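Okay, thanks for squeezing me in before coffee. I'll put the structure up and walk through a few spots in it.

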Amino acid sequence: DCLLGLPETSDAFSTHPKILTAFKNKGVEKFSPQTHPRKAPRLTRDADSASASRSRVAASSAGRNVDDDIREGDDVIMAEATDEDAIVSVYSSECISLVTRFLRYYLTKPRSAAAALPPPPNLSFENIFTACRTIVSTMKDPIDLYDQVRMQFERCIGELAQDLDDRKEKGVQWIRPFNETCDWFEGRVEMVQKLFAYLDHTSRGKDQKDLKALAYELFADRIFRTPRMFSRLSAGIEEWSQWERENGGLAHDLRPEIKSLIAHLRTHSMYFPAFESPFLKMTASYYADESARLMKALKSDPVGFMKLCLERVKQEVDRAKVMFVEDSWEKVKAACEIALFESSHSWVAIDALPKLMDDEDLEKLGEIYTAFTRVKCADEILRSFKHYVHSTVVLIVTDLPRDGEMVERLLKFKAFAEKAATTAFVDYIPLSTTGASTSNNAIQQYKGTPNVQYNHAIRDAFQSGFSKRRNKPAEVIAKYLDRAMRKGQQNATDTEFMSLLERVLQLYRFTDDKDVFRTYFMRALAKRLLLSRSANDAFEIAILKKLTDEYDPDFAKGEAMFKDMALSRDLVTAYRESMEKRSLAPRDKGKQKARSDDGPKATFMVLQASSWPFAPKGEDADLPPYMLEQLSSFTEFYKKKHANRVLSWDHSLGNASVIGNFKGGKKELLVSLYQAIILLQFNENFGTMGYNEIKTATRMPDMDLRRTLQSLACGKQKVLKKKPTGPDINESDIFYFNEDYTNPRYQVRIDSIQVKETPEENKRTEAYIEADRKQELDAAIVRIMKAKKKLAFEQIKSEVIVAVKKRFVPEIKHIKQRVDCLVESEYLRRDEDVKDLFVYLA
């Protein structure tokens with residue numbers, strides 16, 4: 001009826017605690033609750049699988065068979081319990097008591113090493129693990145054990161909280177004992193979870209957390225979430241961060257404690273609420289005050305303000321990368337930038353950006369743009385950039401003394417503005433992260449995309465800037481292209497030269513006065529072709545094609561000029577062949593001298609008036625007799641081929657080659673035909689000639705005569721001299737041939753006067769443009785009214801602007817003038833009842 005205990009000196013169960021010492025009938029006198037009370041005595045080799053497995057392992061390590069331990073004739077322990085439930089109840093209670101004592105001891109943190117209590121007897125980890133398993137296996141409802149563990153955790157955490165609250169340390173110094181407490185508690189919880197693994201894995205309720213989660217939740221509730229503990233943590237964090245910020249980013253002595261704190265907070269899933277969130281609020285508050293202080297100190301130096309702010313942001317981000325998790329880096333950066341720039345962004349955008357643009361500091365511009373983009377203030381930068389570009393363009397366009405440099409300055413500024421738009425004002429989109437997300441060595445990859453709004457801003461700013469000076473930008477661009485075409489590519493490659501021409505044409509795109517550019521460009525092209533001053537016909541044709549295809553079909557007239565030149569060359573070739581045949585024919589001796597071709601050779605260009613932008617001259621200079629003879633001969637030849645055509649000669653665009661005999665030797669002078677006519681007068685009058693004498697001999701128009709004499713007597717190549725000296729030509733001036741003229745070159749060109757636009761020519765061109773615009777407006781108004789029959793002036797104005805905007809943008813007063821003229825010409829009439837309503841007259 002009872003279990004017999006083995007002798008105390010027996011070694012049979014030396015590796016295990018004694019099971020029982022004695023049982024009385026229906027009762028228990030004394031036992032040690034370290035082994036399952038229902039464990040059956042070994043009747044066969046595997047009756048108790050757990051004991052058998054442990055014995056088998058021990059026997060295997062000793063090199064023997066477990067079955068050899070039971071020999072025939074050996075005593076076998078037999079057990080019989082008369083009241084099994086009573087035994088189990090008492091045994092479980094003793095196990096719970098053992099576990100409770102263990103938890104109370106193990107989860108009690110001594111306040112000092114001297115205060116540490118010695119461990120109670122019989123509390124080995126193996127005993128606790130076995131007792132836990134025994135309780136779970138024997139108790140019908142092991143929740144009591146779970147509750148015991150919970151209560152001990154609550155007691156322990158309460159004592160820890162009280163200990164931390166009683167600490168005398170303040171600020172960041174308090175973080176050290178806090179970390180020590182966390183270290184101690186996390187280590188204890190780790191071991192308890194291992195010892196009570198059987199409870200965690202088999203008998204925990206569905207709604208119950210595992211022991212580690214339970215302990216951490218209780219710890220968070222009592223430690224992290226209580227206002228007093230939270231306040232002390234925040235005070236320590238704030239003291240640390242403020243010290244480092246005010247000491248130029250130096251590391252605080254207790255920085256390692258902050259890193260340890262962050263590690264504990266992450267362990268307890270409290271990093272965001274207990275550290276990151278309050279830290280970001282502290283950062284925002286600190287840098288808002290810092291921004292106000294810096295604005296006051298640097299109110300006249302926005303660039304210096306931005307420099308200091310960006311340095312502050314960099315320091316903060318560098319600290320975050322060393323201390324915090326990667327997810328916090330951008331949050332810290334954003335908190336700094338918002339606090340620093342939220343109240344200063346307008347001031348920085350308006351005052352700092354122009355200075356940085358003037359200094360061409362694209363790196364700082366990019367940093368400002370990126371910072372302002374993150375704080376949602378990038379629109380301020382865009383507006384300031386557009387205003388800066390517009391004001392700079394206006395400044396260049398309206399700088400009258402430097403009109404000759406306008407295009408070069410515009411090209412240079414436009415190139416810089418576009419470079420800024422593509423390198424500084426760039427939006428960076430994150431692509432992927434290389435490395436672990438929690439590693440400080442993680443590398444975030446970004447893709448930069450230029451903000452297209454800045455390119456649109458450049459276009460709009462240039463257009464509005466050009467409109468501040470009507471007509472002139474278009475004129476200057478056309479004349480710049482003319483100089484470039486005459487000069488040629490020089491040392492530039494074909495690609496570089498073509499790129500320059502295309503960039504100049506992009507400026508033409510910004511002007512509203514397309515007709516002005518077209519008029520000046522076509523006149524300059526005509527002069528280059530007629531005077532053979534174009535450096536490269538291939539570039540001329542390429543630019544014409546680009547203008548025709550991409551800008552205005554009316555530029556196709558330039559192609560007609562090239563065709564005319566080719567036909568003219570063919571015609572002159574035919575004329576010369578005809579003259580050669582005539583020279584070979586038998587001649588009368590009396591006409592031998594008259595038909596001699598030993599004199600100067602003349603070249604002629606016959607062009608269609610409709611293809612060229614010049615009107616025939618009303619009056620022209622008289623040619624020398626031998627020139628008139630050749631001119632008459634060619635006219636006779638031409639009329640035989642084209643009887644119904646009329647030739648109108650324009651000598652102002654002719655050129656000639658004259659040999660000058662100077663004391664220093666002969667020089668070939670490349671001059672205009674007007675210059676040649678005047679120089680040839682000095683062959684017959686080798687002495688001096690007055691202004692009026694030259695005018696009478698040449699019958700040259702007064703304005704042309706003055707310009708030509710000025711180029712010969714007052715320019716760089718003074719082949720004539722005048723008395724009195726001076727830059728102006730007067731009717732009283734006397735001219736004579738300059739025999740002392742010298743030049744190191746044999747061939748000297750002085751016909752550039754034909755290429756230059758005179759003020760009078762400019763006025764004629766402007767008058768032509770205005771007349772052409774009046775015709776354009778008249779035609780547009782008539783077309784619109786013919787289609788609509790009846791319109792108010794506001795409607796006419798809107799539709800006319802749309803109709804002619806590809807050529808020019810008319811002023812409202814000009815539209816009104818043309819409407820009034822059409823009313824007078826009886827194309828339109830005013831409505832009798834409504835003053836501003838106009839009716840079309842068929």
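So, Tyr-551: buried or exposed? Buried: its relative accessible area is 18%, and the cut-off for buried is under 20%. Keep in mind that this is a predicted model. Tyr-551 sits in the loop between α21 and α22, the latter being 557-584. What does Tyr-551 touch once we leave aside neighbours within four places in sequence? Leu-505, Gln-506, Tyr-508, Arg-509 and Lys-546. And here's a long-range one: Tyr-551 and Arg-807 are 256 residues apart in sequence, yet their C-alpha atoms are 10.0 Å apart in space.

Some of those names come back in a helix pair. Helix α19, residues 494-510, and helix α21, residues 537-550, have axes that come within 11 Å and cross at roughly 35°. That crossing is right-handed. On the α19 side, the contact is made by Asp-494, Phe-497, Met-498, Leu-501, Glu-502, Leu-505, Tyr-508 and Arg-509. From α21 you get Phe-539, Ala-542, Ile-543, Lys-546, Leu-547 and Glu-550. If you're wondering about the spacing in those lists, an α-helix has 3.6 residues a turn, so residues three or four places apart point the same way.

Just ahead of α19 there's a backbone oddity. Gln-490 lies in the loop between α18 (472-487) and α19, and its phi is near 55°, a positive value in a residue other than glycine. Gln-490 counts as exposed, because its relative accessibility is 58% and the cut-off is over 50%.

Arg-699 is another case, with phi near 50°, again positive and again not a glycine. You'll find Arg-699 in the loop between α25 (691-698) and α26. Arg-699 is exposed too, at 55% relative accessible area.

Now an arginine that is tucked away. Arg-773 is in helix α27, residues 759-788, and it's buried, with a relative accessible area of 8%. Which residues is Arg-773 in contact with, leaving aside those within four places in sequence? Arg-470, Asn-471, Asp-513, Asp-515, Val-516 and Phe-808.

On to the sheet. Three strands make an open sheet in the order β7-β9-β8, with antiparallel pairing. β7 and β8 stand at the edges with a single partner strand each, so one side of each is left without a neighbour in the sheet. The twist averages 30° from one strand to the next.

Going through the pairings: β7, residues 688-690, is joined to β9 by three bridges. Gly-690 has Ile-734 as its bridge partner in β9, and Met-689 stands opposite Phe-735. On the other pairing, four bridges join β8, residues 720-723, to β9, and there Lys-722 has Phe-735 as its partner.

How do the side chains of β9, residues 734-737, alternate? Phe-735 and Phe-737 point to one face and are buried, while Ile-734 and Tyr-736 point to the other and are not. There's a helix here as well: α26, residues 702-713, lies across β8 and β9, running at about 110° to β8.

One more thing about that turn of chain after β8. Lys-723 and Pro-724 are joined by a cis peptide bond, with omega about -10°. Pro-724 is in the loop between β8 and β9.

Last topic, the cores. In soluble globular proteins, nonpolar side chains tend to be buried together. Here the largest nonpolar core has 158 residues, and the ones with the most contacts inside it are Phe-196, Phe-517 and Phe-521. Besides that, a second, separate core has 42 residues, including Tyr-575, Phe-634, Leu-679 and Tyr-741.

Back to Phe-196 for a second: not counting residues up to four places away in sequence, it touches Val-99, Phe-102, Leu-103, Ile-128, Cys-132, Leu-145, Val-149 and Leu-211. Ile-128 and Cys-132 are among the buried residues of α3. That helix, residues 125-138, reaches 20 Å from first C-alpha to last, close to the 20 Å expected.

And to zoom out: the chain has 29 helices and 13 strands, and 42% of its 842 residues are buried. Of the contacts between residues at least 6 apart in sequence, 70% join residues at least 24 apart. That's me done, happy to take questions.

Methods
Residues numbered from 1 in each chain as written. Predicted model: local features only at pLDDT ≥ 70, side-chain atom pairs only at ≥ 80, totals over all residues. Heavy atoms only, no water. Core = buried A, V, L, I, M, F, W, Y, C linked by side-chain atoms within 4.5 Å. Buried < 20%, exposed > 50% of the residue type's maximum accessible area, 1.4 Å probe, protein only. Contact = heavy atoms within 4.5 Å. Helix = DSSP H or I, 4+ residues; strand = E, 2+ residues; numbered from the N terminus. Pairing = 2+ DSSP bridges. Expected span 1.5 Å × (residues − 1). Axes fitted to C-alpha atoms, helices over the stretch in contact; angles between N-to-C directions. Left-handed = near helix turned anticlockwise from the far one by under 90°.
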